[in-house]
Amino acid sequence: MIPHPPGFRRPSRTRIVGRALTCAVFVLAGLLFYISARTAQGTDLRTDDSLLRLGDVIQQRSAQNQQIQAQIGGLHDRVDGLAGVQSQSPSDTARAEALERSAGLQALRGPGLTVTLNDAPPNATARIPGVPEPGVNDLVIHQQDIQAVVNALWRGGAEGVQVMDQRLVATSAVRCVGNTLLLQGRVYSPPYVIKAVGRTDRLRSAVDADPTIQNYLQYVAAYGLGWKVQEAGELTVPGYEGSVDLGAAGTR
């Protein structure tokens, strides 16, 4: 047995365990700093302005799409002008114009209906005795509300439908992101204005008979959601100015 030098004290098990834990803590701290640096790639993970919120990205893309659509509209005008220079038979011209009208590429004028939907006031309370106080979702326009009006107008024989400042075509999709409307790459806030050209009596009858709209009107009465229907002897909806190319198709 090897003798110990004078003053030697055997380290206790508690001190050994403490030193091991201290080393482990330093190793883990270094590992965390390394992972954080690799993830950030030179940016501030909490405050870097380049990490935009989804709403900011949507607004940015909306402005870009609006500029692109304006450019596309100008190109359409140039194509129409060049097409007019070339000689075409009257039958070909009439057929081309008919196809453009049916596709929604030409402006449309005639009698029609305007429907306006709007959020309720943010401090709205129940207006009818016995109705529960509203939640946040009870006071805003939802995607199905706008879709119900558009579908009812089509069923009522609408020749053309406009939502906000855009003409709807076969490839149009009405979607909501949060409390905003996303339509053909652009973002809109309420009130939402929907216009349709067609026989006003048939359009109004289709709107009045729609069950989803009837349900919406219960919320109008209970919480003050906005609802207005106006008939017009002459209404104009613009032609669609976006791309009509189908980028992708699939089946469900």
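In this predicted model, D210 occupies the loop between α5 (200–209) and α6 (211–223). The relative accessibility of D210 is 6%, so this residue counts as buried. Leaving aside residues up to four places away in sequence, D210 touches A148, A152 and R155. Two of these partners, A148 and A152, are themselves among the buried residues of α4.

Helix α4 therefore makes a natural next stop. This helix covers residues 143–155, and its 13 residues reach 18 Å from the first C-alpha to the last, close to the 18 Å expected at 1.5 Å a residue. Its buried positions are D145, I146, A148, V149, V150, A152 and L153. Just after α4 comes G157, with a positive phi of about 90°.

The two helices on either side of D210 lead on to the sheet. Five strands make up an open sheet, ordered β3-β2-β7-β1-β8, with antiparallel pairing. Strands β3 and β8 (226–237) stand at the edges with a single partner strand each, so one side of each has no neighbour in the sheet. Helix α5 packs on this sheet, where it touches β1 (108–118), β7 and β8, and its direction makes about 25° with that of β1. Helix α6 also packs on the sheet, with β1 and β8 as the strands it touches; the direction of α6 makes about 125° with that of β8. At the β3 edge, the antiparallel strands β2 and β3 are joined by two bridges. Here V163 stands opposite Q166 of β3.

Several loops have backbone features worth a closer look. Between β2 (160–163) and β3 (166–167) lies M164, a residue other than glycine whose phi is nonetheless positive, near 55°. A positive phi is also found at Q184, likewise not a glycine, with a value near 50°. Q184 belongs to the loop between β5 (180–183) and β6, and its relative accessible area of 19% places it under the 20% limit, so Q184 is buried. In the loop that follows β6 (186–188) and precedes β7 (192–197), P191 is found. The peptide bond joining P190 and P191 is cis, with an omega of about 5°.

Across the protein chain as a whole, the secondary structure amounts to six helices and eight strands. Read from the N terminus, these elements follow the order α-α-α-β-α-β-β-β-β-β-β-α-α-β. Among contacts with a separation of 6 or more, 74% are between residues 24 or more positions apart. Of the 252 residues, 28% count as buried. The accessible surface comes to about 17200 Å², and carbon and sulfur atoms contribute 55% of that area.

Confidence varies along the model. The mean pLDDT of the protein chain is 76, and 55% of its residues reach 70 or more. Over residues 7–11 the pLDDT is below 50, and this stretch has two contacts in the model beyond near neighbours in sequence. Residues 31–52 also stay under 50, and the model gives them nine contacts beyond four places in sequence. Where pLDDT is low, predicted coordinates should not be read in detail.

Terms used:
Residues are numbered from 1 along each chain as its sequence is written. This is a predicted model: local features need pLDDT of at least 70, side-chain atom pairs count only at pLDDT 80 or more; totals for chains, interfaces and linings use all residues. Side-chain values use heavy atoms; hydrogens and water are left out. Helices (H or I, at least four residues) and strands (E, at least two) are DSSP runs, numbered from the N terminus. Buried means under 20% relative accessible area, exposed over 50%, partly exposed in between (1.4 Å probe, protein chains only). Contact means heavy atoms within 4.5 Å. Accessible areas come from the Shrake-Rupley method with a 1.4 Å probe; for residues, only the protein chains shown count as cover. The expected span of a helix is 1.5 Å times one less than its number of residues. pLDDT is the predictor's confidence in each residue, from 0 to 100. Two strands pair if DSSP finds at least two bridges between them. Axes are lines fitted to C-alpha atoms, for helices over the stretch in contact, and angles run from 0 to 180 degrees between N-to-C directions.
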